[in-house]
Amino acid sequence: CDLRKGLFEDTLPGLDDGVDVALLDVDLLESTRTCIRELWPRLRSGAVLFTQDGHLRAIVGLLGDAEFWRGEVGAEPPEIPGLGRSKLLEIAKP
């Protein structure tokens, strides 16, 4: 476990190690955007990103937006079981 004090946009770009599991509970659209943009490329193959914000309309819109995944994250949109139906989402990286 690696705890870093600071804002997401300040601390995540400096993350050097690969990530196996990430758990997001940030509630805010821009914070979620930053976390996914910075963490997804660092997730190892087979890693999982969880978010506890799957019930929030803005987060559902972001996670379901193929342009966000391709343009900002630089990845194909992943399959997200329960998107728009579940609070806790599990997003596996292929």
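1. Two strands count as paired if DSSP finds at least two bridges between them. With that in hand, take Phe50. Its bridge partner in β3 is Glu90. In β1, the residue opposite Phe50 of β2 is Leu23. Note that this is a predicted model.

2. The sheet around Phe50. Three strands form an open sheet in the order β1-β2-β3, and the pairing is mixed. β1 (19–24) and β3 (89–92) are the edge strands, each pairing on one side only. Direction ignored, neighbouring strands are turned by 15° against each other on average.

3. The two pairings. β1 runs parallel to β2 (residues 43–51), with five bridges between them. β2 and β3 are antiparallel, with four bridges. In general, strands of a sheet pair through backbone hydrogen bonds, in either the parallel or the antiparallel sense.

4. Edge strand β3 has alternating side chains. Leu89 and Ile91 point to one face and are buried. Glu90 and Ala92 point to the other face and are not buried. Glu90 is also the bridge partner of Phe50.

5. Helix α2 (residues 29–39) packs on the sheet. It touches β1 and β2. The direction of α2 makes about 175° with that of β1.

6. Check Thr32, a residue of α2. Is Thr32 buried or exposed? The cut-off for buried is under 20% relative accessible area. Thr32 has 2% relative accessibility, so it counts as buried. Leaving aside residues up to four places away in sequence, Thr32 touches Val26, Asp53, Ile59 and Leu62.

7. Helix α4 (residues 66–73) has two sides to look at. Its buried residues are Phe68, Trp69 and Val73. Viewed down the axis of α4, they fall within an arc of 95°, so they line one face of the helix. An α-helix has 3.6 residues a turn, so residues three or four places apart point the same way. On the other side of α4, Glu67 and Gly71 are exposed.

8. What covers the buried residues of α4? The cover includes α2 and α3 (57–63). Helix α2 therefore deserves a second look in the viewer: it packs on the sheet, and Thr32, at 2% relative accessibility, is buried.

9. Finally, the two ends of α4. At the start, a side-chain oxygen of Asp65 comes to within 3.0 Å of the backbone nitrogen of Glu67. Just after the helix, Gly74 takes a positive phi of about 75°.

Methods:
Residues numbered from 1 in each chain as written. Predicted model: local features only at pLDDT ≥ 70, side-chain atom pairs only at ≥ 80, totals over all residues. Heavy atoms only, no water. Axes fitted to C-alpha atoms, helices over the stretch in contact; angles between N-to-C directions. Contact = heavy atoms within 4.5 Å. Buried < 20%, exposed > 50% of the residue type's maximum accessible area, 1.4 Å probe, protein only. Arc of directions from axis to C-beta. Polar contact = N/O pair within 3.5 Å; in protein donor to acceptor, adjacent residues only side chain to side chain.
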